[in-house]
Structure formats: C-alpha cells, structure tokens
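Biologist: I have this model open and would like to go through the contacts and charged pairs with you. Could you take me through it, starting with what you mean by a contact?

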Amino acid sequence: MVTLTGHNNIVQSVSFSPDGQRVVTGSQDGTAKIWDATTGTLMATLSGHGSAIQSVSFSPDGQRVVTGSHDTTAKIWNAAEGTDIATLAEHTKGVFSVTFRANGKEILTVSLDNTIKIWNAVAGQVKRTIETQTGDIRSVAISSDDTWVVLAGSDNTVNILDTTTSESLKTLTGHNNTVEAVAISTDGKRIVTGSRDNTAKVWNAATTESIAFAKQHINNVQSVSVNEYGTCIVSASCDNTVQIWDRATKTSKNLKGHTDSVNFVDLSPDGKRVVSGGCDNTLIIWDAITGERLLKLEGHSGSVICGQVSGDGKRIVTGSCDKTVKIWDMVNGENVLSLKGHTKYVNSVVFSNDAKKIASASNDKTVKIWNIKKEKAIKTLKGHSNSVRSIRFSVDGKQLVSGSLDGTIKIWDIETGTLIKTAIVPADCAFPLVFSSDMNRVVFATYDNKVIICDIMGHVLKSFCSCPSYISSLSLSINEKRIVSGSWDGSVRVWDACFN
C-alpha cells in the first residue's frame, strides 16, 4: 500500500491515469496533485483554482487533466508539466463533476447551476449547454453517441434529456429517495441507478422498464437462484430469510422459517418449489407461488452449506459442514441417501443432467463423483491445492469443471478421473464461479465488486458495472440469458447477459 501525503485539507476526488501509472487527486485545499501510483512520489501540483476542487479526471491519452471547482470554473492542465492550458468559465455556480469524453476532444462539466456543458477540449469553448430541471443534480451520464443524457437528482427521479434541445425524453420514477448514482451500459441499452432508498435499479433504456431491483434483505445475501427466463428470483440471506422476487409484478415475498443464516437456495425447474438450507442444520421446502412452508427436513448435524434440485424436480442433494452429502425426496422430504467420504466441509454439490450421478466439492481439496444407484464414490478427483468451491457437469455428463481457491479451473474426464485441462483463474476473481452449460464460459465476481464473463482460459468477454458491496453469490438462468447476483449490502441484481 502507498499513502499519498501532501494535501492539507479533505481529498474530494481521485482518478487513475488510463495506464494506471499515475493518480490525480483533488482537494478542498484548492489544489490537484499528480502522483506516481507505484512509489507515491509527487509529480506535479496543479494550483490556480480559487476554491475547493470537487472533481478530477485524466484524458483518455493521459496527457491532460481536467479539474472542476466550487469557484464555478473547470481547468484543463498539461499532466506532464502541471501547467494550466485553459480555464472553462461559463458556469455560475460550483462545478461538481468533470470528465473527458471517450474521443478526448470534448469535456463534460456538471454544475450546481443546473446546467451541463459540453466543451471543446482543445479550444476551451462551450459547444452545447443543456438546461436541467432535476432538482440538485447528483449524477450524470451521457450516451456514447452524444444524443441523450441521463440525470439523477434529489427529487427521486431520473430524467433522460435530448442533448440538442434539452427536451425531456423520459422520466424514470420508482425510487423513493435521492438518486445518487447513474450509469449507462456501453451499448446504450441499459441504465443503472442507485439511491438513498437502499435500492439499485436496472432500466431498459428504450422502454424505461426496471428489469432489476434490489434490497429487501437487511443482511448479506448468501445465495441466489433464478428461473429460466429471469422472471422469478429467489435469494437467501444472513437475516434468516428467503425472498422470492416477481419481476412481472415488482413484488416480493419474505419467507421466514429458518432460525439462523440461510446459506443456499434453489428453485425447482418448474418454478413451483423453493428449497433452502441454513446454519440451523435444516432444509425447508417452500411453495414458490404462495410462500407457504411445505416441509422442514432435518438430518444434517452441521450447517447446510449448499444444495441443488435435480433436473426432474424429484430429488434434492445437499452438502454440509458435517462433511456429508445427502439426497432427499422432494415430495415427502425423506432422506434417501447419506454419502460419507470427504474429510472437510462440502462446499458445492451438483446433479448430472440424467440425475444418475452427483459431484461434490470440498475444503479437503478434492471433488468426488458419486453413483447414486451404487451409493458410493466412483471417482475422487485430486489435483487442486486448496479448497474447491465451484463445480459443474458437462451436458453429456462425461466431463466436469471445477474452480478452486488455488487460483485454477480444471476440466476432468469423469470416466477415467484424469485431468484434461488446467486454466488460471483471473487474478481479481473473488469467487463464486458459475460455469456455462458448454463449460466454455465462466461468470465470476471480482474484488472490486464487478461481474465478469470470461472464457475458460480467463480471457474477459464481458464486464458489468460495479456493485457497492462484495458480491457473495451468483446464479445463471437455464437459458443463460440472465445472471443474478447477491451482495453483502443485502441487494439482488439482475444482469442482462446472453452467452449466445
């Protein structure tokens, strides 16, 4: 860790250079400073504003810095020399947000005077002024084609404006407190907002329909499950509850029955049943439509960590801190089989597509393949050097993919138990891992709270905007068009991400 010391008042804004080698900071002391990100050496002090600096940003080529100040101006600086290139002085109140556009030729400034200005970054002249009516603007995002802008404000709404005419195109309502943050997806099809009402919403930019919502839980979300079309989402939390979310009606059911944290939840393939397991050592089967508790299953002597409903909806498999794997009858709740063999906690369990085999992954660094009819382990897959957290069978049941805290993903031949391929997990992977049905894609969360899709060799294919807290659970819809994430801030989010 490097500590950057030099300002004599509160640091209001920070930004990395595009190459990650430098950092610029803006402070209430009226200066901005450029630092070497590796050594912490001060490279330049940018002095010239008459009041606190509210916002700082590098240009895409890293050669310039723009700063916005409470003194009503923005300034463009030579990042290498620390000299003032131009002063942008058309606002009548403080400038609280500044950024270069992706082309590096324009700068966007947002002011407390309720205007947004787009400037020529070379000449320092205003190209366009957008008048707003969104109360105090808290956040702004502009479309990549420069034709519309999204404003979040203290009036609890989000407004989409035409950048040429300033005409309001759409107003997004649904938050019940100040909207503090807004962003537009790269393709311009989605808008995400975050509010003081403790919710985040993802909107379809064309229809302004919210396609995801967050936060009914009051503690960490431990597990999420989603139906084929992403219309029904189930979440489990450390607040001892299970939530069923209906995207069509924008309503949720709060299911209470566990007496301790709920560790996993799974939705039956037909969407009619929900199964949950928790630190109270029990399973509960719920009616997904009414929320009624149908059965409470007891048998594990330790916390139930993981579980899955079989593809035919007839069985449940669970793994526990008691080091066992158990199979249960979905209809009557009977424990039909107990499998022993792991020497540490069981972290993940899955059925094969034909429901004839089970795989289990453990803190003992192994994966076991169980033949249900023979009631025994037929293969133990050894090769990981740390806890195995994520597993999935291939569609034909002949291979299995595993992800471990040792930083590797491994693909195995089930029949022979031999290792086919090893890939390195991306360095910023924070787990969990979710694998696509063809085992060629993996979804994971990062330490900076993003959701990433990469290929099996770790090459990033898609990246989704950051959540405000650690992502503790991920689920993929059966048709692989929706990803659902659960976070430590108690929120659940839906991501529109089709593999195909």
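Modeller: By contact I mean heavy atoms within 4.5 Å. With that in hand, and leaving aside neighbours within four places in sequence, Leu267 is in contact with Ser225, Val226, Asn227, Cys232, Val234, Arg273, Val274 and Ala288. Please keep in mind throughout that this is a predicted model.

Biologist: Fine. What does the secondary structure of the protein come to?

Modeller: It comes to 47 strands and zero helices. Of the 500 residues, 56% count as buried, and the protein exposes about 21300 Å², of which carbon and sulfur atoms supply 46%.

Biologist: And how much of the contact list comes from residues 24 or more positions apart?

Modeller: Such pairs account for 37% of the contacts in the protein that have a separation of 6 or more.

Biologist: Back to Leu267 for a second. Which residues touch the most other members in the largest nonpolar core?

Modeller: That core has 13 residues, and those touching the most other members are Val234, Val242, Ile244, Val265, Leu267, Val274 and Trp286. The elements that give two or more residues to this core are strand E22 (232–237), strand E23 (241–246), strand E25 (262–267) and strand E27 (282–287).

Biologist: Switching to charges: how many salt bridges does a search of the whole structure find?

Modeller: The search finds four salt bridges. In one of them the side chains of Glu106 and Lys127 meet at 2.4 Å, N to O. This pair links distant parts of the chain, with Glu106 in strand E10 (residues 106–111) and Lys127 in strand E12 (residues 126–131), 21 residues apart.

Biologist: Is Glu106 buried or exposed?

Modeller: Glu106 counts as buried, at 9% relative accessibility, whereas Lys127 is partly exposed, with a relative accessible area of 48%. Both also belong to a network of salt bridges in which they are linked with Arg101.

Biologist: What does Arg273 form a salt bridge with?

Modeller: Its partner is Asp287, and the closest N and O atoms are 3.8 Å apart. Arg273 lies in strand E26 (residues 273–278) and Asp287 in strand E27, so the pair ties together parts that are 14 residues apart in sequence. Arg273 is partly exposed, with a relative accessible area of 30%, while Asp287 is buried at 13%. Arg273 also appears among the contacts of Leu267.

Biologist: And the one with Asp84?

Modeller: Asp84 forms a salt bridge with Lys75, where the closest N and O atoms are 3.1 Å apart. Here the acidic partner, Asp84, is partly exposed with a relative accessible area of 38%, and Lys75 counts as buried at 8% relative accessibility.

Biologist: I also clicked on Lys117. How far away is the nearest side chain of opposite charge?

Modeller: That side chain is Glu90, 5.3 Å away, and Lys117 is buried yet has no salt bridge. A salt bridge needs a side-chain nitrogen of Lys or Arg within 4 Å of a carboxyl oxygen of Asp or Glu, so the distance of 5.3 Å to Glu90 does not qualify.

Biologist: Then which side chain does it make a polar contact with?

Modeller: The side chain of Lys117 makes a polar contact with the side chain of Thr129, at 3.0 Å. Lys117 lies in strand E11 (residues 115–120), and, not counting residues up to four places away in sequence, Lys117 touches Glu90, His91, Ile107, Leu108, Thr109, Val126, Arg128 and Thr129.

Biologist: New topic: where is the place of Thr324, and what about its side chain?

Modeller: Thr324 is in strand E31 (residues 324–329) and counts as buried at 8% relative accessibility. Its side chain makes a polar contact with the side chain of Asp322 at 2.6 Å, and another polar contact, of 3.4 Å, joins the side chains of Thr324 and His300. Beyond four places in sequence, the contacts of Thr324 include His300, Leu339, Lys340 and Val346.

Biologist: Last one: which residues does Val221 touch?

Modeller: Not counting residues up to four places away in sequence, they include Ser235, Ala236 and Ser237, and also Ser472, Ser473, Trp488 and Val492. Val221 lies in strand E21 (residues 221–226) and is buried, with a relative accessible area of 0%. The C-alpha atoms of Val221 and Cys238 are separated by 6.5 Å, with the two residues 17 apart along the chain.

Conventions. Residues numbered from 1 in each chain as written. Predicted model: local features only at pLDDT ≥ 70, side-chain atom pairs only at ≥ 80, totals over all residues. Heavy atoms only, no water. Helix = DSSP H or I, 4+ residues; strand = E, 2+ residues; numbered from the N terminus. Buried < 20%, exposed > 50% of the residue type's maximum accessible area, 1.4 Å probe, protein only. Lys, Arg positive; Asp, Glu negative; His and termini not counted. Polar contact = N/O pair within 3.5 Å; in protein donor to acceptor, adjacent residues only side chain to side chain. Core = buried A, V, L, I, M, F, W, Y, C linked by side-chain atoms within 4.5 Å. Areas by Shrake-Rupley, 256 points an atom, 1.4 Å probe, with all protein chains shown as cover.
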